[in-house]
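Subject: Handover of a structure

Dear colleague,

Please find below the structure that I am handing over to you. I would be grateful if you could look through it alongside the notes that come after it.

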Amino acid sequence: MMHSQPHHQAILAIIPARGGSKGIPRKNVMMLAGKPLIAHSILQAKASARINRIIVSTDDDEIASVAREWGAETPFMRPAEYAQDLSPDIDVFHHALTWLKDHEGYEPCLVVHLRPTGPVRRIELVDGAIDLLASHEEADAVRSVTLAAQSPYKMWRIEANGYLEPLLRLPNLPDCQSMPRQSLPITYWQNGYVDVIRPRAILEKGSMWGDRALPFVMDESLFELDYPENIPAVEAALQNCDQDAPRPAVTLMRHPV
C-alpha cells in the first residue's frame with residue numbers, strides 16, 4: 001500500500017452538465033438558494049483542500065458561461081454525441097481526459113466526479129473520499145455508498161413468459177426471497193454523493209470504477225434534483241448547509257466488503 005500526499009497531486013474535479021434536461025428544463029442554470037444549481041458544486045470543489053483544478057464538461061454555451069463566472073474552466077465543449085439522454089458517464093470522462101492530455105499534456109492523478117444534480121455536500125466528505133483513494137494505490141476508485149433501503153435479494157424481474165424470476169439467488173439458499181432481511185447479506189447503494197477515480201480505470205479499463213473500488217460508507221441525508229417537486233427540499237438543505245458549522249467526517253470503511 002502506498003500512502004500518498006494528495007495535496008501534492010494533480011487532482012481534477014469534473015462536473016458534467018449537459019444542456020438537455022427532461023425533468024426540469026435548463027436545470028443546471030436554474031437559481032437555487034440564491035445561486036445557479038451548478039455553482040454549488042463548483043464552489044464546493046473550490047473549497048476543497050485537495051482539488052486543484054475544476055472543469056465543467058458541457059455542450060451548452062449558457063452553462064459554460066455560468067460555470068466560468070463561478071470559477072470553473074470550460075476548456076472544451078462536449079461533443080453532442082456524448083450529451084444525449086442516455087450518454088454514459090464513461091464517454092464524458094474519457095472525452096475530457098483524452099482532450100486534456102492531447103491538447104494540454106495534462107494528466108491528473110485522481111479525478112473527482114461531482115454531479116451538479118446532487119448539490120448538498122459537505123466539503124470534508126469530498127476530501128475524505130479523495131484521501132481514501134490517494135492512500136490506496138491498488139484501488140482504482142472510491143464510490144460513496146449508503147446502506148440499501150431494500151434488499152436486492154428480495155427483488156424480482158418479470159420474464160418474457162410473464163413469470164417472476166428472482167433478481168439474485170444465493171447458493172445453498174434456494175428461497176432467500178422469503179428469508180428475514182437480517183439473515184441476508186448486507187448491501188449498499190451507490191448514492192452519487194462523490195466518486196473518485198484513477199484515470200487508468202477510465203482510459204485503460206473503460207470503467208468508472210475499474211477492477212477494485214473502495215467503499216466510502218456514509219449516513220447522510222441525500223438530496224437529488226430530478227423533478228420540480230424536489231426543489232423545496234433541496235433548496236432548504238442547501239440553506240441549512242450554508243449555516244452549519246463543519247461536522248466530523250464519517251467513519252471510513254477502508255477495505256472492500
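The notes below concern confidence, the nonpolar cores, and then two charged residues.

Please bear in mind that this is a predicted model. The mean pLDDT of the chain is 88, with 90% of its residues at 70 or more. Two stretches call for caution. Residues 1-5 have a pLDDT below 50, and the model gives this stretch twelve contacts beyond near neighbours in sequence. The pLDDT is also below 50 over residues 244-257, a stretch with 33 such contacts in the model. Where pLDDT is low, predicted coordinates should not be read in detail.

Turning to the interior, the largest nonpolar core comprises 33 residues. Within this core, Ile51, Val56, Val112 and Val196 have the most contacts. The elements giving two or more residues to the core include the strands β1 (11-16), β4 (53-57) and β9 (188-197), as well as the helices α1 (37-47) and α4 (123-134). The largest share, seven residues, is contributed by α4. Apart from this core lies another, of 16 residues, among them Ile90, Ala96, Tyr106 and Ala201.

Val56 may serve as an example from the largest core. Beyond four places in sequence, the residues that Val56 touches include Ile15, Ile38, Ile42, Ile63 and Ala67. Two of the residues named there, Ile38 and Ile42, are among the buried residues of α1. Eight of the eleven residues of α1 are buried, so this helix is largely enclosed by the rest of the structure.

Arg121, in the loop between β5 and α4, deserves separate attention. This residue is buried yet has no salt bridge. The nearest side chain of opposite charge is that of Glu224, 7.5 Å away. The side chain of Arg121 instead reaches two backbone oxygens: that of Arg115 at 2.6 Å and that of Gly118 at 3.3 Å. Farther along the sequence than four places, Arg121 is in contact with residues including Ser41 and Gln44, both of which are buried in α1.

Glu224 itself is placed in the loop between β10 and α6 (231-243). Its relative accessibility is 33%, and Glu224 therefore counts as partly exposed. The side chains of Glu224 and Thr117 are joined by a polar contact of 2.8 Å. Glu224 also touches Gly118, Asn230 and Val234. Val234 is ten residues from Glu224 in sequence, and the two C-alpha atoms are 7.2 Å apart in space.

With kind regards

Conventions:
Residues are numbered from 1 along each chain as its sequence is written. This is a predicted model: local features need pLDDT of at least 70, side-chain atom pairs count only at pLDDT 80 or more; totals for chains, interfaces and linings use all residues. Side-chain values use heavy atoms; hydrogens and water are left out. pLDDT is the predictor's confidence in each residue, from 0 to 100. Contact means heavy atoms within 4.5 Å. A nonpolar core is a set of buried Ala, Val, Leu, Ile, Met, Phe, Trp, Tyr and Cys residues joined through side-chain atoms within 4.5 Å. Buried means under 20% relative accessible area, exposed over 50%, partly exposed in between (1.4 Å probe, protein chains only). Helices (H or I, at least four residues) and strands (E, at least two) are DSSP runs, numbered from the N terminus. Lys and Arg count as positive and Asp and Glu as negative; His and the chain ends are not counted. A salt bridge is a side-chain nitrogen of Lys or Arg within 4 Å of a carboxyl oxygen of Asp or Glu. A polar contact is a pair of N or O atoms within 3.5 Å; within protein, one must be able to donate a hydrogen and the other to accept it, and residues adjacent in sequence count only if both atoms are side-chain atoms.
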